[in-house]
Amino acid sequence: NSASRGAMPSISILMPTKDRIELLLETLDSVTEQEYPPDEVVIIDQSAEDCGDLIRARFETSPEIDLQYIWDPSIPGLVPARIVGVERATSDVVFFIDDDITLNLDCVGKLAQRYADNPVLLGLCAVDIDGADIPWWVVIARKSYMLGPFNDDRSITNKRYKTLTET
């Protein structure tokens with residue numbers, strides 16, 4: 001799959017999950033609908049029930065994406081689950097996402113292009129700049145955080161927020 005992509009790096013999406021199958025399936029829909037699909041999706045499922053059949057069904061229409069489904073309810077939390085996923089991922093770039101998000105259709109393509117354009121990059125952090133689907137209460141909470149008692153000009157988070165809002 002990655003051989004046909006030229007200079008673009010291969011992308012693994014890594015997603016831990018636990019007992020949230022409905023949210024996970026919605027997230028997987030946004031993954032399989034990507035304009036530039038990932039090479040691989042690694043799901044580390046810590047749920048009480050094995051949901052592998054439901055998850056594999058989501059990938060039937062996306063044979064270009066390799067799926068690694070790991071069901072292990074004994075994994076004790078998010079960080080250990082991510083470690084298991086990183087150990088299993090085979091791509092150049094590992095893209096960590098949560099099991100309750102929706103990716104924009106061009107998300108993986110933009111990520112791959114950013115790495116292709118900047119081969120010295122070691123990592124990126126996503127920032128939601130669209131805002132069209134952000135609930136009003138989240139906007140207020142963010143502003144309260146950035147303007148309230150947590151406002152500290154030495155904080156990288158606050159510096160980045162100010163840079164993004166000065167336009």
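The legends below accompany close-up views of a predicted model of one protein chain.

**Figure 1. Overview of the predicted chain and its confidence.** The chain contains six helices and four strands. Read from the N terminus, these elements follow the order β-α-β-α-β-α-β-α-α-α. Of the 167 residues in the chain, 35% are buried. Contacts between residues at least 6 apart in sequence were also examined, and 73% of them join residues at least 24 apart. The mean pLDDT of the chain is 83, with 71% of the residues at 70 or more. Among the elements, strand β2 has the highest mean pLDDT, 97, whereas helix α6 (residues 156-165) has the lowest, 57. Where pLDDT is low, predicted coordinates should not be read in detail.

**Figure 2. The open sheet of four strands.** The strands are arranged in the order β3-β2-β1-β4, and their pairing is parallel. Strands β3 (66-71) and β4 form the edges, each pairing on one side only. From one strand to the next, the twist averages 20°. Strands of a sheet pair through backbone hydrogen bonds, in either a parallel or an antiparallel sense. Here β1 and β2 run parallel and are joined by six bridges. Parallel pairing over six bridges is also found for β2 and β3. Strand β1 (residues 11-17) and strand β4 pair in the parallel sense over four bridges.

**Figure 3. Strand β1 and its bridge partners in the sheet.** Seven of the seven residues of β1 are buried, and the strand is mostly covered. The side chains of Ile11, Ile13, Met15 and Thr17 point one way from β1. Those of Ser12, Leu14 and Pro16 point the other way, and the residues of both groups are buried. Towards β4, Ser12 stands opposite Val94. Towards β2, Met15 has Ile43 as its bridge partner. Ile43 also stands opposite Tyr69 of β3.

**Figure 4. Edge strand β4 and its alternating side chains.** In a regular strand, side chains alternate between the two faces of the sheet. Strand β4 (residues 93-96) displays such an alternation. Val93 and Phe95 are directed to one face and are buried. Val94 and Phe96 are directed to the other face and are not buried.

**Figure 5. Gln68 in edge strand β3.** Is Gln68 buried or exposed? With a relative accessibility of 16%, Gln68 counts as buried, because this value is under the 20% limit. When residues up to four places away in sequence are set aside, Gln68 touches Glu40, Val41, Val42, Ile43, Arg88 and Thr90.

**Figure 6. Helices α3 and α4 against the sheet.** Helix α3 (residues 78-88) lies across β1, β2, β3 and β4. The direction of α3 runs at about 150° to β1. Helix α4 (residues 107-117) packs on the sheet, where it touches β1 and β4. The direction of α4 makes about 140° with that of β4.

**Figure 7. Helix α1 and the elements that cover it.** Helix α1 (residues 21-32) comprises 12 residues, and at 1.5 Å a residue it should span 16 Å. The C-alpha atoms at its ends are 16 Å apart, so the model agrees with the expected span. Its buried residues are Leu24, Leu25, Thr27, Leu28, Ser30, Val31 and Thr32. Among the elements that cover these residues are β1, β2 (40-45) and α2 (52-58).

**Figure 8. Ile101 beside helix α1 residues Thr27 and Ser30.** Ile101 belongs to the loop between β4 and α4. This residue is partly exposed, with a relative accessible area of 27%. Which residues does Ile101 touch, not counting those up to four places away in sequence? The contacts of Ile101 are with Thr27 and Ser30. Ile101 and Thr27 are 74 residues apart in sequence, yet their C-alpha atoms are 5.6 Å apart in space.

**Figure 9. Cys51 and Cys107.** Cys51 has a relative accessible area of 14% and is buried, because this value is under 20%. Cys107, at 22% relative accessibility, counts as partly exposed. A disulfide is a covalent bond between the sulfur atoms of two cysteines. A search of the whole structure finds zero disulfides.

Definitions and conventions. Residues numbered from 1 in each chain as written. Predicted model: local features only at pLDDT ≥ 70, side-chain atom pairs only at ≥ 80, totals over all residues. Heavy atoms only, no water. Buried < 20%, exposed > 50% of the residue type's maximum accessible area, 1.4 Å probe, protein only. Helix = DSSP H or I, 4+ residues; strand = E, 2+ residues; numbered from the N terminus. Pairing = 2+ DSSP bridges. Expected span 1.5 Å × (residues − 1). Contact = heavy atoms within 4.5 Å. pLDDT = per-residue confidence, 0-100. Axes fitted to C-alpha atoms, helices over the stretch in contact; angles between N-to-C directions. Disulfide = S-S within 2.5 Å.
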